[in-house]
Amino acid sequence: MRFCPLFSGSSGNALFVKGGNTALLVDAGLAGSTVLGAMRAIGEEPAALAGILVTHEHIDHVRGVGVLARRLKVPVYANAGTWRGMLQHTGPIPPELVRVFETGREFYIGSIAVHPFKTPHDANESVGFAFRTEAGKKLSILTDVGHMHDALFDAVAGSDLLLIESNHDVEMLRVGPYPYPLKRRILGDEGHLSNDACGAALAKLYRRGVKQAVLGHLSGENNMGSIALETVRACLRAEAIPDDAFALSLAYRDRAGDIYELE
């Protein structure tokens with residue numbers, strides 16, 4: 001399995017996943033041309049895409065979905081709630097390219113098994129995804145999450161690689177320029193995970209087989225990459241998890257991140 005976070009943040013999200021000969025995008029929250037350029041920059045041909053999967057209907061996840069679907073004639077996979085909410089942003093998508101999945105029920109795209117699981121976020125029917133290849137490798141995507149609970153831990157346990165939200169530093173958010181209602185939304189149970197909450201989640205997931213994580217969806221106003229890494233690492237150390245036992249890296253808001261190969 002090959003994975004690259006092309007963009008990850010409140011200004012736009014697009015993640016590339018490939019297993020065998022099956023190439024997928026998770027979200028396309030930037031201009032279609034921007035996403036296409038990022039794919040080509042990592043050596044992947046957009047025409048080979050087998051599908052675009054959508055986590056939820058917020059504009060930073062769907063801005064380019066319609067353009068890419070129509071231009072590349074690639075199917076779009078989303079649950080019924082997300083379809084209801086996103087067409088206002090995507091424009092019409094040809095019926096032959098519409099795929100509706102059921103949250104919680106696994107399905108296949110080519111050689112990749114896809115498990116969409118419900119996430120707590122202020123959207124119609126927000127989901128994360130766990131992907132498995134025929135070789136048994138597991139990659140999970142867990143962003144736009146207001147809080148963690150047992151079902152989420154179960155969904156991503158055993159992941160060989162996990163992209164997880166580390167959205168904000170709580171103190172930066174509280175003293176920052178956002179209006180109070182927005183701060184309350186971000187901090188709420190259907191908002192976004194803080195650095196501390198991300199670190200606490202990873203400490204638990206370490207006991208369930210997760211040893212490598214990419215921190216994603218960082219806020220440009222209420223976080224910094226160095227702070228996110230330091231805070232999460234401190235949480236792991238507090239649980240006696242050695243630095244060399246858990247690999248941490250960052251996904252970036254404005255450029256493609258590292259390319260991860262799960263072999």
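**Group meeting: pockets, sheets and cysteines in a predicted model**

Let's start with the largest pocket, which has a volume of about 190 Å³. A word on terms. The search runs on a 1 Å grid over the protein atoms alone, and a pocket is an open set of points with protein on both sides within 12 Å along at least five of seven lines. Lining residues have an atom within 4 Å of a point. Grid points are joined across faces, edges and corners, and the volume is the space filled by probe spheres set on the points.

Some ground rules. This is a predicted model, where local features need pLDDT of at least 70 and side-chain atom pairs count only at pLDDT 80 or more, while totals for chains, interfaces and linings use all residues. Residues are numbered from 1 along each chain as its sequence is written, and side-chain values use heavy atoms, with hydrogens and water left out.

Back to the pocket. Which residues are the closest to its centre? Of the 14 that line the largest pocket, they are Ser10, Arg185, Ile186, His192 and His217. The lining divides into three nonpolar, eight polar and three charged residues. Here Ala, Val, Leu, Ile, Met, Phe, Trp, Tyr, Cys and Pro count as nonpolar, Asp, Glu, Lys and Arg as charged, and the others, Gly among them, as polar.

Helix α7, residues 180–187, gives the most to that lining, with three residues. Helices (H or I, at least four residues) and strands (E, at least two) are DSSP runs, numbered from the N terminus. Leu187 is found in α7. Leu187 is partly exposed, with a relative accessible area of 36%. The scale is simple: buried means under 20% relative accessible area, exposed over 50%, and partly exposed in between, with a 1.4 Å probe and protein chains only. The C-alpha atoms of Leu187 and Ala251 are 21 Å apart, with their positions 64 residues apart along the chain.

Next, the cavity. A cavity is a set of grid points where a 1.4 Å probe fits but cannot get out. The structure holds one of 30 Å³ or more. The largest cavity has a volume of about 40 Å³. What lines it? Phe7, Ser8, Asn13, Leu15, Asp27, His61, Ile141, Thr143 and Leu163 do. That lining splits into four nonpolar, four polar and one charged.

Now the sheets. Strands of a sheet pair through backbone hydrogen bonds, either parallel or antiparallel. Two strands count as paired if DSSP finds at least two bridges between them.

One open sheet has seven strands in the order β7-β8-β9-β10-β11-β12-β13, with mixed pairing. Its edge strands are β7 (107–109) and β13 (247–250), and each pairs on one side only. The twist averages 25° from one strand to the next. For that value, axes are lines fitted to C-alpha atoms, for helices over the stretch in contact, and angles run from 0 to 180 degrees between N-to-C directions.

Take β8 (residues 112–118) and β9 (residues 127–132). These run antiparallel, joined by six bridges. Lys118 stands opposite Val127 in β9. Phe117 is also found in β8. Phe117 is buried, at 6% relative accessible area. Its C-alpha atom is 5.0 Å from that of Gly104, 13 residues away along the chain.

Move along to β12. Why is strand β12 (residues 212–216) largely enclosed by the rest of the structure? Because four of its five residues are buried. On one side, four bridges join β11 (residues 161–165) to β12, running parallel. Leu162 has Ala213 in β12 as its bridge partner. β12 also pairs with β13, again in the parallel sense, over four bridges. There, the bridge partner of Leu215 is Leu250 in β13.

A second open sheet also has seven strands, with mixed pairing, in the order β6-β5-β4-β3-β2-β1-β14. Its edges are β6 (98–100) and β14 (260–261), each pairing on one side only. Inside this sheet, β4 (residues 49–53) and β5 (residues 76–78) pair in the parallel sense over two bridges. Leu53 stands opposite Tyr77 in β5.

Last topic: cysteines. How many disulfides are there? A disulfide is a pair of cysteine sulfur atoms within 2.5 Å, and the count comes to zero. For Cys4, the nearest cysteine sulfur is that of Cys198, 19 Å away. Cys4 is buried, with a relative accessible area of 1%. Cys235 is in no disulfide either; the nearest cysteine sulfur, again that of Cys198, is 8.2 Å away. Cys235 also counts as buried, at 17% relative accessibility.
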